[in-house]
Amino acid sequence: MFSKNNNSQTLWVGLSFLAVGLIIGLLVSSNGGLLSELRDETKNGAQGEQGVPEVNPDELDVVDVSVDDDAVLGDPDAPVTIVEFSDFQCPYCHSFYEETLPLLLENYVETGKVKIIYRDFPLSGHAQANIAAQAAECVGDENYYAFHDWLFENLPSWSGNPEAMEVLIAAAQDNLDVNIRTCLESSEMADEVNADLTAGRGYGVTGTPSFFINGKKLVGAWPYEVFESVIESEL
């Protein structure tokens, strides 16, 4: 025979199961109406978070940026100029190189619509970034972007390596048949790199990569679609 307390507990448990059953019934009723809506909202929310961020080209700051005397990638007469302040040791710059730059080259640089000028902005926290920038300057304008590509594609071989200078000298010799030892050991291009760094600071650059698309300032390794929207606004 149950006690009064046991009867109360049994009644409470029963009511709890009934309430849960009613809630489940509401969720699956009307072809899963409420449950379906919740799923749709979750799905849409996830898509929104993963979607391409929107950037209004007309709201970007415009800065009068010089291309200096740095090497040009693309048609010098292209109507759109992208000046990139970057650091060869920067992981975000590496992401831009791997994920976004190939599409920009294919769709805009190779079609004569865009030219790119890479300017040095080696960050103090990256021990080999400055020597890498000097090495790229030492190979000369004709070989600059070939060595630029090598630096990004072979990052583990020199980044964090105390023998980075020797690695860079060997890379220039082996890949480009250019001897940069004297140039690099004498810091011949140190002033050139520092001039870019100083200019970048003057333009408000504080991190890498930072881009100026016909002067429109875009900071960070944005997806290709963002660059596309800014470029198209200039064509």
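## A covered helix

Several elements cover the buried residues of helix α3, including β3, α4 (155-158 belongs to α5, 144-153 to α4), α5, α6 (164-176), α7 (181-185) and α8 (190-202). This model is predicted. Helix α3 spans residues 129-138, and nine of its ten residues are buried, so the helix is largely enclosed by the rest of the structure. The buried residues are Ala129, Ile131, Ala132, Ala133, Gln134, Ala135, Ala136, Glu137 and Cys138. After α3 comes Gly140, with a positive phi near 95°.

Now take one residue of α8. Asp191 is found in that helix. Is Asp191 buried or exposed? Its relative accessibility is 63%, so Asp191 counts as exposed. Asp191 and Gln134 are 57 residues apart in sequence, yet their C-alpha atoms are 9.1 Å apart in space.

## The sheet

Strands of a sheet pair through backbone hydrogen bonds, in either a parallel or an antiparallel way. Here, five strands form an open sheet with mixed pairing. Their order is β1-β3-β2-β4-β5. Strands β1 and β5 (216-219) stand at the edges and have a single partner strand each, so one side of each is left without a neighbour in the sheet.

Follow the order from β1. Strand β1 (residues 72-73) pairs with β3 in the antiparallel sense, over two bridges. Val72 has Ile117 of β3 as its bridge partner. Next, β2 and β3 run parallel and are joined by seven bridges. Glu84 stands opposite Tyr118 in β3.

On the other side of the order, β2 pairs with strand β4 (residues 210-213). This pairing is antiparallel and has four bridges. The bridge partner of Val83 in β4 is Phe212. Strands β4 and β5 also run antiparallel, joined by four bridges. Phe211 stands opposite Leu218 in β5. These two strands form a hairpin with two residues between them.

## Two strands, two patterns

How many of the seven residues of β3 are buried? Seven of the seven are, and the strand is mostly covered. Val114, Ile116, Tyr118 and Asp120 point one way from β3. Lys115, Ile117 and Arg119 point the other way. All of these residues are buried.

Strand β5 shows an alternating pattern. Lys216 and Leu218 point to one face and are buried. Lys217 and Val219 point to the other face and are not buried.

## Aromatic rings

A pair of aromatic rings is described by the distance of the centres and the angle of the planes. This structure holds 13 aromatic pairs. One of them joins Phe88 and Tyr118. The ring centres are 4.8 Å apart and the planes are at 20°, so the pair is stacked. Phe88 lies in the loop between β2 (80-86) and α2 (91-109), while Tyr118 is in strand β3 (residues 114-120), so the pair ties together parts that are 30 residues apart in sequence.

Both Phe88 and Tyr118 are buried. They also belong to a cluster linked by ring pairs. Its members are Phe88, Tyr97, Tyr118, Tyr144, Tyr145 and Phe152.

## A cavity

The structure holds one cavity of 30 Å³ or more. The largest cavity has a volume of about 30 Å³. Which residues line the largest cavity? They are Leu73, Glu84, Phe96, Leu101, Ile116, Tyr118, Tyr145 and His148.

Elements α2, β3 and α4 (144-153) each supply at least two residues of this lining. The lining residues divide into six nonpolar, one polar and one charged.

## Unusual backbone spots

Most residues other than glycine have a negative phi, and most peptide bonds are trans. Asp68 has a positive phi of about 55°, although it is not a glycine. Asp68 is found in the loop between α1 (4-50) and β1. At 37% relative accessibility, Asp68 counts as partly exposed. Ser187 is not a glycine either, and has a positive phi of about 55°. Ser187 is found in the loop between α7 and α8. Its relative accessible area is 39%, so Ser187 is partly exposed.

Asn214, in the turn of the β4 and β5 hairpin, has a positive phi of about 50°. Finally, the peptide bond from Thr208 to Pro209 is cis, with omega near -5°. Pro209 has its place in the loop between α8 and β4.

Key. Residues numbered from 1 in each chain as written. Predicted model: local features only at pLDDT ≥ 70, side-chain atom pairs only at ≥ 80, totals over all residues. Heavy atoms only, no water. Phe/Tyr/Trp six-rings, centres within 6.5 Å; stacked < 30°, edge-to-face > 60°. Buried < 20%, exposed > 50% of the residue type's maximum accessible area, 1.4 Å probe, protein only. 1 Å grid on protein atoms, 1.4 Å probe; cavity = no way out; pocket = protein on both sides within 12 Å on 5 of 7 lines; lining within 4 Å. Points joined across faces, edges and corners; volume = space filled by probe spheres on them. Nonpolar A, V, L, I, M, F, W, Y, C, P; charged D, E, K, R; others polar. Contact = heavy atoms within 4.5 Å. Pairing = 2+ DSSP bridges.
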